[in-house]
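This report describes a two-chain structure for a reader who has not seen it before. Please keep the sequence and the model in view while reading.

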Amino acid sequence: MPETTTAEPTATAAVGIQQLSMQQALNRALDEILADHPKTVIFGEDCGQLGGVFRITDGLQAKHGEGRVFDTPLAESGILGMSVGLAMAGFHPIPEVQFDGFAYPAINQIVCQIARMNYRSRGTLPMPITLRVPSFGGIRAPEHHGESLEALFAHVPGLKVVSPSNPHDAYHLLKYAATRPDPVIFMEPKSRYWQKGPVDVASADANTAAHDGGTDDAGSLTGARVAREGRHLTLVAWGAMVSRCLQVAELAAEDGIDIEVLDLRWLKPIDAEALATSVGKTRRAVVVHEAPLTSGLGAEVAQLITQSCFATLKAPVERVTGFDVPYPSGDLEDEYIPNIDRILFGIQRVLEYRRG
Amino acid sequence: MTIKAVQGAVDDDAAPLTHDQLRELYTLMAAVRHLDTAAVAWQRQGIIPGYAPELGQEAAQVGSGYAVDRTRDFVFPTYREMGVARAMGLDMVGYMSTHKATWHGGMYNPLESRFAPIQAVVAGSVLHAVGWAHGQTLGGAQDTGVAMTYFGDGASSQGDVHEAMNFAAVMKAPVVFFVQNNGWAISVPTERQVAGGSVAARAAGYGIPSLQVDGNDVVAVYEATRSAFAHCRAGNGPVVIEAMTYRRGPHSTADDPGRYRTLDEERLGAGEDPLERFKQRLLADGVADEAFFAEAQRKAEEEEESIRAGIADLGPRPGAEMFSLVFQEPTPALQSQATEWRKESEHA
Ligand SMILES: Cc1ncc(C[n+]2csc(CCOP(=O)(O)OP(=O)(O)O)c2C)c(N)n1
């Protein structure tokens, strides 16, 4: 069952709850992971002294030492291939790829090695690797500095994929992912790094969570989150698109349309139950993602919804996505990433759908 | 050919091999030669679907594998390191199971055997060795385990090899890069594969000491590997060894070398047979006699028979493993696919 919270977490003065940016939340999570798990190592390009170009690893080398947090030469395949050997030696590597587009040079190591070593070795060589990938666009960055690789990763047997949309989830999902025995691709929405939000550090003990099921707080980290409750239509999104969908829902509410926003969080495994519950109630769905349309994850989500809700659906599931074009440069970025208008049009298509 | 230091010196003041060790090396080489030849025959007989022979590479493989300390080192093989596996004492049915198409990585336990799963991606595991080796030094311990990664002259063209050498040199990781230069990458000869003269020569660019060794001389290979291990263990970082040898047979049982080399060229290129050469040396030095060689051959045949029987007994793996070994923590989708598969294939 999905965890239910209303809207984006908003300011609160409760004890144990802090206002943190996603960058701060991730940094804090890594700091605690290093402190709690002596076999964890963090490495990549510029993540030592500099603390990473996004400062996610800021101060960690100074605090935990160069053996735990270190710079590597500038070679992505090297970073990921090295992770395999470290995992074989009993470590929990948390490598960083500096920008999503630079995961491509490492695809061989990710797909052919990290994703398969557990299988190849019949379970004797688990790959507890959490690959942190600053992901998606929205920051007007140069080419290859903003890509949406989730469908590519999610398609690979042996990988798990997760993307937080807010600081609270970023903190907990990272702590959770980094303590799992399987490889997780952790897609950080880079356009959200500096957005602040409340982080309840005490709300879930990510370290002791059981991965499957589990009705405790931590167990809920394995599934989707209802970011906003609504009756008329479900918007399904993840990463940076969640806050945009919440904005859309606010606007639609002015017209009396009550939209539910489902933050998928896990892109593999996808929380099919949460989709069924939400769309079972609203009977209409629009999937929103930044990645190109064709063979994107939206198709997978639509199929899961069709399977569970076919009989009650009032319209085919719509997709509002990026286009089948290489990620455009900054000037065209706003045209490419689903904007509020395009999402509203998608919603309209579903609401106005008539059979025959 | 003798050991030739291409760059840098690797100290080694270890004692020479005893007669017992020399005889053991021969026994291993004889076992490997026989099993390798038999495996090709098994393929022709339909016992296994395919095999990558290492005929002619016995000295390179046994000599290097013999230098591994199985209490602390770790080997990262390709698909052609049967001789290394045998020299390291692997369960050979488990090893051969990969050629029976039972399980990609083989059915042995990599952690216990210190031999990583069989690797089909050319140069795929060279970086893994660097990661593993760096892990050994992270605690700051001296006299650590050493990673030895095997790859061919063809693999040396892969970017991962360059990344690995650079990483290892920068991090002073205890890695032995063991290049078996068998003259060919399927149909492409070394001179059309390797720029810069040799793989060993490239090491200079990374500041890594390297040496070329006569890969058909088992003692030379052993000594080179042993000194490389000593160098790594002493905290001096990686070493590149290029063992010059020759792939006498086809690349794999599916290959037809007649399309890219003549039998005459093959004879010329192959040079002296490493097994026969070692035998003559042991005879000349009075280390072993004909009775010993006959006994080594008898043991090799006995061993091969038992491995063949083991292979024949290997049934197909239960289909459920296809699902259960993907993750340590299976996903719900995978579990439901497994359930569905069970139902539909009546394996429930
Ligand atoms: C990345 C990759 N590309 C291509 C192949 C197909 N392939 C298998 S072996 C081989 C030649 C390898 O030559 P070399 O590295 O010299 O090793 P050898 O087979 O001679 O021992 C090729 C091209 C592969 N397995 N992996």
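Two residues are in contact here when heavy atoms of theirs lie within 4.5 Å of each other. The model is a predicted one.

With that cut-off, A:T321 touches A:H289, A:A291, A:P292, A:L293, A:Y336, A:P338 and A:R342, if residues up to four places away in sequence are not counted. A:T321 belongs to strand β15 of chain A, which runs over residues 318–322. Its relative accessibility is 3%, so A:T321 counts as buried.

**The two chains**

Chain A has 12 helices and 15 strands, whereas the secondary structure of chain B comes to 14 helices and eight strands. The radius of gyration of chain B is 21 Å, close to the 20 Å that the globule rule gives for 348 residues, so chain B is as compact as a globular protein of that length. For chain A, with 356 residues, a compact globule would have a radius of gyration near 21 Å, and the value of 20 Å agrees with this.

The table sets out further values for each chain.

| Chain | C-alpha extent along principal axes | Buried residues | Exposed area |
|---|---|---|---|
| Chain A | roughly 65 × 45 × 45 Å | 61% of 356 residues | about 13100 Å² |
| Chain B | about 65 × 50 × 40 Å | 57% of 348 residues | about 14100 Å² |

Carbon and sulfur atoms supply 52% of the exposed area of chain A. In chain B, carbon and sulfur atoms supply 50% of the exposed area.

How do contacts spread along the sequence? Among contacts in chain A between residues at least 6 apart in sequence, 81% join residues at least 24 apart. For chain B, 75% of the contacts between residues at least 6 apart join residues at least 24 apart.

Charged side chains can be described in a similar way. Chain A carries 31 positive and 43 negative side chains, and the centres of these two sets are 5 Å apart. Chain B has 29 positive and 45 negative charges, with mean positions 1 Å apart.

**Where the chains meet**

How many residues of chain A are in contact with chain B? There are 43 of them, and they are in contact with 40 residues of chain B. Between them, chain A and chain B bury about 3500 Å², and 64% of this is on carbon and sulfur atoms. A:Y119, A:R120 and A:R122 supply 22% of the area that chain A buries against chain B, more than any other three residues.

A:F70 has contacts in both chains. The residue lies in strand β4 of chain A, residues 69–71. Leaving aside neighbours within four places in sequence, A:F70 is in contact with residues of chain A including A:V41, A:I42, A:F43, A:G44, A:C47, A:Q61 and A:M82. On the side of chain B, its contacts include B:H134, B:L138 and B:M171. A:F70 and A:C47 are 23 residues apart in sequence, and their C-alpha atoms are 6.6 Å apart in space. Is A:F70 buried or exposed? A:F70 counts as buried because its relative accessibility is 6%, and buried means under 20%.

**Backbone details**

A cis peptide bond joins A:K268 and A:P269, with omega at about -5°. A:P269 is placed in the loop between β13 (266–268) and α9 (272–282) of chain A.

A:R55 is a residue other than glycine with a positive phi, near 65°. A:R55 is found in the loop between β3 (40–44) and α2 (60–64) of chain A. At 32% relative accessibility, A:R55 counts as partly exposed.

In chain B, B:A123 is not a glycine either, and its phi is positive at about 70°. The loop that holds B:A123 runs between α5 (110–113) and α6 (126–138) of chain B. B:A123 is buried, with a relative accessible area of 7%.

**An enclosed helix**

Helix α2 of chain B covers residues 58–65. Eight of its eight residues are buried, so this helix is largely enclosed by the rest of the structure. The buried residues are B:E58, B:A59, B:A60, B:Q61, B:V62, B:G63, B:S64 and B:G65.

Key: Residues are numbered from 1 along each chain as its sequence is written. Chains are lettered from A and ligands numbered from 1 in the order in which they are written. This is a predicted model: local features need pLDDT of at least 70, side-chain atom pairs count only at pLDDT 80 or more; totals for chains, interfaces and linings use all residues. Side-chain values use heavy atoms; hydrogens and water are left out. Helices (H or I, at least four residues) and strands (E, at least two) are DSSP runs, numbered from the N terminus. The radius of gyration is taken over C-alpha atoms; the globule rule is 2.2 Å times the number of residues to the power 0.38. Buried means under 20% relative accessible area, exposed over 50%, partly exposed in between (1.4 Å probe, protein chains only). Accessible areas come from the Shrake-Rupley method with a 1.4 Å probe; for residues, only the protein chains shown count as cover. Lys and Arg count as positive and Asp and Glu as negative; His and the chain ends are not counted. The place of a charge is taken as NZ of Lys, CZ of Arg, CG of Asp or CD of Glu. Buried area is the accessible area (1.4 Å probe) that two parts lose on being put together, summed over both.
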